[in-house]
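Me: I would like to learn how to read the places where parts of a protein touch one another. Could you take me through an example?

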Amino acid sequence: MSSAVDLAPEASFQGLILTLQQFWAAQGCVILQPYDMEVGAGTFHPATTLRALGPKPWKAAYVQPSRRPKDGRYGENPNRLQHYYQFQVILKPNPENLQDLYLASLDAIGVDLGLHDIRFVEDDWESPTLGAWGLGWECWCDGMEVSQFTYFQQVAGFECAPVAGELTYGLERLAMYVQGVENVYDLNFNGGAGADKVTYGDVFLQAEQEYSRHNFEAADTAMLFRQFADAEKACRSYLVAGEPDGPEGRHRMAQPAYDQCIKASHVFNLLDARGVISVTERQSYILRVRELAKACGAAWLRTAGGAA
Amino acid sequence: MPDLLLELRSEEIPARMQRRAAEDLRKLVTDALVERGFLYEGAKAFATPRRLALHVAGLPPRGEAVREERRGPRVGAPEAAVQGFLKGAGLASLSEATTVTDPKKGEFYLAVIERPGRETLDVLAEILPSIIRNFPWPKSMRWGRASAQPGALRWVRPLQSIVATFGPETETPETVPFAVDGIEAGTVTYGHRFLAPAAFEVRRFDDYGPSLERAKVVLDADRRKDIILHDARDLAFARGLDLVEDEGLLEEVAGLVEWPVVLMGSFDASFLDIPAEAIRATIRANQKCFVLRRGDGEDLAPAFILVSNLVASDGGAAITAGNERVVRARLSDAKFFWETDKAIRLEDRLPKLDSIVFHEKLGTQGQRVERIATLARDLAPLVGADPDLAHRAATLAKADLVTEMVGEFPELQGLMGRKYASLQGEHPSVCAAIEEHYKPLGPSDRVPTDPVSVAVALADKLDTLVGFWAIDEKPTGSKDPYALRRAALGVIRLINERQIKIGLTKSLRQADHFLSEKGVSAPAKIEEDYLPDLLAFFADRLKVYLREKGARHDLIDAVFALPGQDDLLMVVRRVEALGKFLETDDGRNLLAGYKRAANILRIEEKKDGRAYDAEPDAALTASSGQPEERALADALASARTSASAAVAAEDFEGAMRALSTLRAPVDAFFDKVTVNAEDPALRANRLALLNALRAATREVAEFSKIEG
């Protein structure tokens with residue numbers, strides 16, 4: 001006999017995710033699964049970075065586990081995690097009623113718009129590593145930032161034409177809010193009660209402790225420096241290999257090259273967390289990743305998916 | 001007279017841009033109207049988070065008719081000239097022109113072109129689209145389907161609708177016929193996003209404001225501010241608390257709501273262990289909420305004021321609870337920072353400063369701290385501070401930059417350093433100096449009083465100035481990214497308001513010396529390259545400072561024209577004494593006498609092609625001079641000696657008194673003595689006497705620079 005689980009978005013972490021997926025699926029989005037590489041944010045998923053470029057319409061939504069090695073707190077901070085979930089929605093071109101759709105999605109996950117104070121507070125988004133920027137807001141619910149709302153203007157150094165709208169929900173925060181929980185590890189993950197309840201802590205506390213140790217104390221920096229150099233080199237060589245007909249024709253390997261850019265970015269974040277990159281070097285690493293991102297964006301625009 | 005109503009409704013406009021945007025809209029539209037000859041009675045613009053609105057009252061329904069006469073070629077001119085004239089004047093044939101007879105040139109054609117006044121509505125339809133297209137937002141964006149095309153409309157956030165009506169009060173106004181990127185101007189708008197989501201129609205400004213109000217939008221930002229301020233004060237008062245007012249925050253919050261609803265939340269009193277400034281900073285910066293004081297004193301109360309945009313169905317309970325949760329989380333962070341910071345002594349943080357670059361050409365913060373500490377120790381005796389305390393204070397002054405708290409809230413720099421220093425048992429003067437060494441931060445900021453603070457504050461600013469001069473990063477025009485003008489003004493205020501006697505040249509050389517020892521590899525050479533320039537910069541700043549205190553700029557020039565004026569305190573005292581002296585009869589008359597003497601000298605020296613700068617011949621004066629001449633010679637000798645002695649003793653009042661004894665002899669001299677005597681030797685000697693007067697006045701100032 002399986003016991004009853006409550007999959008209402010206010011009752012379980014996964015219920016919240018399922019509700020958002022349902023909501024955006026109903027808007028015609030393809031519901032993707034997380035990208036199978038380590039990334040710092042949902043934006044890095046090729047479904048956002050690459051698909052935001054070029055003229056073809058695109059609608060997608062997905063959960064993306066995001067790694068921020070520096071934010072690790074050994075499981076001791078109730079709000080900060082080095083691994084957390086983002087729910088990402090990308091709509092190109094952005095529909096005219098994107099704000100209304102966003103508000104409807106909040107309603108769907110149990111935020112009563114007659115009770116809660118929702119505000120759009122200026123927040124201009126910029127990713128120096130991706131060569132990307134956009135204008136938009138932090139979305140506040142009763143003073144708490146629960147989402148980022150961005151109109152992409154540029155990605156990988158290229159103008160977005162048309163512009164894509166990007167929504168990023170901080171799932172843990174949102175879940176804490178709708179569940180009324182003060183500590184992320186107390187979140188009800190599966191909606192079970194009593195002995196059947198699985199908490200966020202049951203799933204992730206040990207991982208947070210282990211990865212904090214790894215990120216700050218143990219990550220093999222010599223290996224990471226090698227990996228950065230290897231990824232950078234591989235990215236460049238795939239870009240060359242993808243254009244046997246020279247720089248004019250179709251590109252045939254933009255996505256594998258972009259994987260290496262993602263890799264380099266994450267390796268850089270790990271090195272940064274280990275404190276082995278000085279302030280001046282930091283800038284030059286960011287620049288190197290951006291160069292890769294730009295080259296991959298340029299290649300993508302010459303693929304079947306990215307070109308006109 | 002008809003009115004224009006314009007509303008540009010968009011997604012949420014950043015709070016910081018709203019006021020400026022409303023003002024820009026008003027100016028752009030009214031300027032464009034005036035440029036086309038359309039005068040108006042009044043114009044006012046408004047901004048809320050979701051709209052810019054403009055009301056232009058009292059426009060004419062149409063412009064003035066224009067009658068223009070255009071003169072053509074003479075009658076019988078070649079065909080090409082006639083055709084050109086017809087084309088230019090817009091005539092079909094010569095029958096539409098008249099002929100005029102000129103007595104000199106004979107008969108020629110004249111075209112009279114009459115243009116009826118244009119409909120204001122049409123003119124508006126012409127100017128509004130380009131104003132919208134070229135609106136000067138600090139940052140703008142493209143959006144939606146249209147953004148695929150080049151040249152798509154840009155706005156601060158997606159523009160959703162345009163209302164534009166024009167017409168008199170008594171009739172139904174007309175819609176100004178235009179569209180921008182497919183957004184057609186109309187008469188329909190929306191009110192509050194949540195409280196009044198239905199569309200409604202507006203006709204003119206008179207009903208626009210009230211309709212918005214019914215749709216839960218307060219159009220006028222100043223009224224929203226007023227509502228917030230009064231409701232916040234009332235809420236506080238009802239609980240026996242005082243609102244900590246904050247104009248910047250109030251302005252911002254008024255730009256985040258269309259319908260302000262003020263609520264009060266509270267937090268656990270145990271958070272009050274955190275320094276009040278840190279509580280305020282976190283609640284202000286992250287939550288945009290106001291803090292409160294207990295009614296009976298300066299202590300913060302464990303409560304805050306939040307401004308929501310919603311009349312909630314539960315009276316705001318959920319909103320308050322939500323905000324309290326976030327404030328609680330933020331204060332937990334702040335408390336964590338405070339506790340962690342306290343565990344590390346300030347001196348143990350110093351190595352971290354070595355890895356922070358202050359400026360790529362000026363070394364690290366660590367090197368800078370060493371320079372300031374050495375300089376502060378040297379300056380200490382000049383300001384009456386204990387050299388060891390000054391050194392200690394300067395050494396610790398920047399350590400708080402690497403604390404968690406200052407990392408999170410940079411505006412708390414100095415203040416947190418003071419708190420941590422105090423906790424680790426530093427001398428009270430050291431604690432004070434850590435906070436106050438940044439001061440004064442401008443013309444109205446407080447100048448520190450504790451000598452240790454003064455020493456470190458001076459050292460900090462002198463190092464900054466010398467450093468940026470050495471790498472040639474001086475302020476230019478409106479650009480002063482390192483706030484060097486403020487630093488120089490800080491030095492001036494410290495010196496004057498704390499009465500510090502200091503030779504600027506010497507101190508700047510000292511600062512430069514430490515700079516080359518610690519931090520800068522190849523600075524410019526202070527003597528030849530930048531010292532005169534930096535001193536001139538101080539002189540300029542001092543002029544600004546003294547002018548604002550009411551001193552006459554010509555007196556400042558008169559003092560600065562003397563050589564070696566690098567003791568700013570003495571310059572100021574001298575200017576003051578000079579100003580007072582010139583307000584007396586003696587002073588005014590002496591100045592008049594000086595001007596007369598200088599004039600005569602100028603003319604005669606020019607005429608003779610030589611300077612009369614030798615000392616007067618005392619024997620000649622005694623033997624052949626008139627009594628008044630002899631009296632002046634005697635008076636000059638003694639006045640000059642006493643003035644010089646008084647200046648040496650820094651007694652400028654005394655120096656002025658000495659000069660004032662010259663007034664009677666000078667007046668008598670000009671009364672009775674003819675300078676241009678027949679006898680060339682006597683004439684030359686009298687001119688030399690006038691030169692001696694000029695020299696005597698130079699003991700206190702360059703009188704030639706004084707006006708009047």
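Reply: We will go through one contact between chains and then one contact between domains, keeping in mind that this is a predicted model.

Me: How many residues does each chain give to the contact between chain A and chain B?
Reply: A contact has two sides, and each side can be counted separately; here 30 residues come from chain B and 28 residues come from chain A.

Me: Which elements give two or more residues to the side of chain B that touches chain A?
Reply: On that side, strand S16 (300-308) and helix H8 (317-342) of chain B each give two or more residues, and H8(B) gives the most, with six residues.

Me: What classes of residue make up the side of chain B that touches chain A?
Reply: Sorted by class, this side of chain B holds 15 nonpolar, eight polar and seven charged residues.

Me: Which domains does the assignment give for chain B?
Reply: The assignment lists domain 1 (3-61 + 119-214), domain 2 (67-115), domain 3 (221-342), domain 4 (359-550) and domain 5 (578-705). Let us take domain 1 and domain 3 of chain B, whose C-alpha centres lie 34 Å apart; their contact takes 11 residues from domain 1 and nine residues from domain 3.

Me: Which element gives the most to the side of domain 1 of chain B that touches domain 3 of chain B?
Reply: Helix H1 (15-35) and strand S2 (42-48) of chain B each give two or more residues to that side, and H1(B) gives the most, with four residues. By class, this side of domain 1 has five nonpolar, three polar and three charged residues.

Note on methods. Residues numbered from 1 in each chain as written. Chains lettered and ligands numbered in written order. Predicted model: local features only at pLDDT ≥ 70, side-chain atom pairs only at ≥ 80, totals over all residues. Contact = placed C-beta atoms within 7 Å. Nonpolar A, V, L, I, M, F, W, Y, C, P; charged D, E, K, R; others polar. Domains from an automatic or database assignment.
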